[in-house]
Amino acid sequence: MKNKQLYFAMLMAGMSLGTAWAIRGQFGHEYGAAWAGAVGSLSVLLVAKRADWYTKIFAATLAGALGWGLTGLASYGIVVGYGRGIEFVNVYYGLLMLFVIGGLYGYVGGGLFGLALADSAAKPVKWVEVIVEMTIGAILFYFFMIEEFGWLMTPPRSEMWAACFGAAVALTWYLVRHQQSSALRVAVFSGLGGGFGFAFGNTLQVLGGLTGVKFNFWNVMEYSLGFFGGLGMAYGTLTSQWEKGENQQPKSKIWFPLLMVTLVIPFIVWERSFDLERLQGIFTKIEVAADSPILVGIQWTSIGMILVLTAWWWMRFYQNRANAVSYTKNEVYAFFLSHWGLYTMFSFLITGAFMSGYRIEQYLYLVNWIIVAFLIGKTHPEFTPKPLAPKKWSLNFGILLVFFALLAFILINSHGELKGAQKRFGVPPPVEEAK
């Protein structure tokens, strides 16, 4: 029964982050990943059912959002192309590098989320120290790995993965030094899930494209990253030992993470995504004129939703509260659904799915939202703390390397030359001349 409830809770978190990460495909970059990470973090808070964590809703959500968003700096388009090749060495390399990139998404996201959960008056997290060390780590690792040693993952694209790797190493050093073993466990399993999900998702993307079915299989890959990352983050959280925290927080600690989660991140997504030129490029494909008032209406509707919801949540979670703030499960549930729902509505607006059915995957987002909305309240997992097990993890990692080799073997024997294939080793494919 315990395992069933654990797996059920993991499934809810996986579906939440998976859907949010698929939605992120419309927006991309760090800001899109941050909003998806916020949704995933909220889902874990909900399935955990801990009243002392409800008071940390905005701090923990912001930490998870920034952590998952950080690796949005990394470029992976060419790495995905390696998985479309016909030579084992390139395909295997591509899957491994996707494991690294997806692992960085989850590791930093899960680590910072776990730190926020562990933060307490008895054992406070030194956030300034964390930020400074991660920044220094990012700069040093990028300089030595890329500028000095030339260890390029995805030439000629950006190699910012190395900066994210340096930040992850610095985060690890902080967690170990301050004996934050629970946060470290969340980081490891979130990273494992995100890395596996990205590599496995690319396999699904390639094989799905071979079927000839008209579907956005790239989005399947994105869903896979978020789904397995969510599984890992929930598993790491629910199998760690956490101290009992305070059921109330000073009001002064609420306003900053509240505004960051509800206003700043969504506004950046809006500002970077809903420009008129991009909307014209999308909507002309569904026969909407470039000068149609619909496009301006979409811009105003989307920014209006951000402002209205921010004002609403500001009043409900901050303005109308006493100096000592606490929140209920129902309030966290309502915020989770509305914040995820807003991201879903943004996706409907940016793609035109509200007026055209050409993007069928958009409606699957809504299906996932409805399923989770009905079922997430039925989760009742028990915390089953387990120790850190680096030897076991190393063995499992070796098994994973063999599994990726099997996936690479399947892929190279499933197709010939594919459009978008890339080579990291050997003679690169010829560049088509512009016609």
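Trainee: Which ring does the charged end of Arg50 sit over?
Mentor: The charged end of Arg50 sits over the ring of Phe383, 5.6 Å from the ring centre. The criterion is NZ of Lys or CZ of Arg within 6 Å of the ring centre and within 35 degrees of the ring normal. This is a predicted model, in which local features need pLDDT of at least 70 and side-chain atom pairs pLDDT 80 or more, while totals for chains, interfaces and linings use all residues. Residues are numbered from 1 along each chain as its sequence is written, and side-chain values use heavy atoms, leaving out hydrogens and water.

Trainee: And what lies over the face of Tyr318?
Mentor: Lys251 does, at 4.8 Å from the ring centre of Tyr318.

Trainee: How many aromatic pairs are there in the whole structure?
Mentor: A search finds 45 of them; a pair is two rings of Phe, Tyr or Trp (its six-membered ring) with centres within 6.5 Å. Phe215 and Phe217 are an edge-to-face pair (planes over 60 degrees apart), because their planes stand at 70°, with 5.5 Å between the ring centres. Phe227 and Phe228 are also edge-to-face, at 5.3 Å centre to centre and 85° between the planes.

Trainee: Is Phe227 buried or partly exposed?
Mentor: Phe227 is buried, at a relative accessible area of 17%, whereas its partner Phe228 is partly exposed at 22%. Buried means under 20%, and partly exposed runs from there up to 50% (1.4 Å probe, protein chains only). In the other pair, Phe217 is buried at 17% and Phe215 is partly exposed at 30%.

Trainee: Which residues form the aromatic cluster with Phe227 and Phe228?
Mentor: Phe99, Phe196, Phe200, Tyr223, Phe397, Phe403 and Phe404 join them in one cluster.

Trainee: How many residues of H10 are buried?
Mentor: Of its 22 residues, 18 are buried, so H10 is largely enclosed by the rest of the structure. This helix (a DSSP run of H or I, at least four residues) covers residues 217-238, and its end C-alpha atoms are 31 Å apart, which agrees with the expected 32 Å at 1.5 Å a residue. That span is 1.5 Å times one less than the number of residues.

Trainee: Changing topic, where is Ala389?
Mentor: Ala389 is in the loop between helix H15 (361-375) and helix H16 (390-412). Ala389 is partly exposed, with a relative accessible area of 22%. Its C-alpha atom is separated by 28 Å from that of Tyr223, 166 residues away along the chain.

Methods: Helix = DSSP H or I, 4+ residues; strand = E, 2+ residues; numbered from the N terminus. Phe/Tyr/Trp six-rings, centres within 6.5 Å; stacked < 30°, edge-to-face > 60°.
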